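Student: I am new to this structure and would like a close look at one part of it. Could you pick a small stretch and walk me through its surroundings?

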Amino acid sequence: MDRVSVNGAELEVTVEGSGETIVFIHGAGIADSYVPVANDPAVRGHYRTVRYRRRGYGASSPVQGPVAVAEHASDCRALLGELAVEQAHVVGQSYGGAVALQLAVDAPEVVTTLALFEPALLAVPSGPIFFEQVAPVFQMYERGDRVGAVDAFMAAVSDPSWRRNVERTVPGGVEQAEKDAATLFESDLASLGTWELTAEQAATIRQPVLYLIGSRSLPVIREGRDQLRSWLFRMEDVVLDGATHFLQMEQPSAAAAALADFLKRHPTTA
């Protein structure tokens with residue numbers, strides 16, 4: 001991966017292909033989660049894809065404590081600027097979906113479309129319940145069981161077979177997630193708890209929006225989807241049967257096909 005300097009940090013970046021630009025913003029924990037979608041024939045060869053590791057992941061600049069969602073959105077905007085990208089299709093999963101939404105609010109001029117893969121909107125009725133459920137995982141991490149905490153958290157948001165599903169499509173992804181555990185627990189999850197998208201902010205998002213959700217998603221995700229649907233100007237959703245929160249790694253071809261179909265109907269030049 002190349003390294004690009006933005007906002008006083010260095011981010012690992014991979015840019016491939018040509019055509020309209022898609023920037024992929026990964027979620028919390030697995031920095032290369034979008035590799036299988038970006039490399040799928042439905043996407044690869046048709047678009048210029050930009051995948052990067054956010055601060056605190058891989059060899060990107062480390063973080064000390066929480067980095068706000070808005071700061072990550074600023075990093076993405078600056079990265080696109082460094083790559084001379086004026087407009088991009090923005091794809092974000094989980095925490096990365098929150099970053100994508102914030103980017104559309106803060107810099108709408110650079111966002112052609114939004115494709116949200118189960119974005120993390122936790123200010124919904126089941127949000128507090130979710131945090132209660134994962135509280136023991138934080139305690140495990142605080143006791144020094146980094147690997148066990150990563151395993152428990154990933155199983156909670158996906159299912160107990162998450163390791164097998166990740167390694168099948170993102171070789172080395174589990175090991176990297178364990179190395180990046182401090183960013184997951186001390187930065188991403190901490191900052192996510194203080195982030196909220198308001199109805200007023202959502203109303204400013206006029207770009208076409210795709211919402212991709214797994215049929216086995218958590219209640220907090222389904223509630224977030226319903227909330228966004230009521231707020232956004234135009235949003236369509238696609239359900240991947242049998243998928244969990246890690247849908248882009250469990251069913252990459254189906255996710256890529258849904259994304260490609262959406263982008264063909266909403267080109268940058270339209």
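Tutor: Here is a look at the loop that holds S33 and H26, after a short view of the whole chain. This is a predicted model, in which local features need pLDDT of at least 70 and side-chain atom pairs count only at pLDDT 80 or more, while totals for chains, interfaces and linings use all residues. Residues are numbered from 1 along each chain as its sequence is written, and side-chain values use heavy atoms, with hydrogens and water left out.

Let us begin with the whole. The chain has 12 helices and eight strands; these are DSSP runs, with helices being H or I of at least four residues and strands being E of at least two, numbered from the N terminus. The C-alpha atoms fill a box of roughly 50 × 40 × 35 Å along the principal axes. Of the 270 residues, 58% count as buried, where buried means under 20% relative accessible area, exposed means over 50%, and partly exposed lies in between (1.4 Å probe, protein chains only). Among contacts (heavy atoms within 4.5 Å) with a separation of 6 or more, 77% are between residues 24 or more positions apart.

Now to the loop itself. S33 sits between β3 (21–25) and α1 (35–38), and H26 is found in the loop between β3 and α1 as well. Is S33 buried or exposed? S33 is buried, because its relative accessible area is 2%. H26 is also buried, with a relative accessible area of 1%.

Next, look at what surrounds S33. Leaving out residues up to four places away in sequence, S33 touches H26, G27, Q93, V170, Q248 and M249. With one of these, Q248, the side chain of S33 makes a polar contact of 3.2 Å. A polar contact here is a pair of N or O atoms within 3.5 Å; within protein, one must be able to donate a hydrogen and the other to accept it, and residues adjacent in sequence count only if both atoms are side-chain atoms.

H26 has its own set of neighbours. With residues up to four places away in sequence again left out, H26 touches A31, S33, Y34, Y52, R53, R54, Y57, Q93 and G96. For R54, the backbone nitrogen lies 2.9 Å from a polar atom of the H26 side chain. As a sense of scale, H26 and R234 are 208 residues apart in sequence and 23 Å apart in space, C-alpha to C-alpha.
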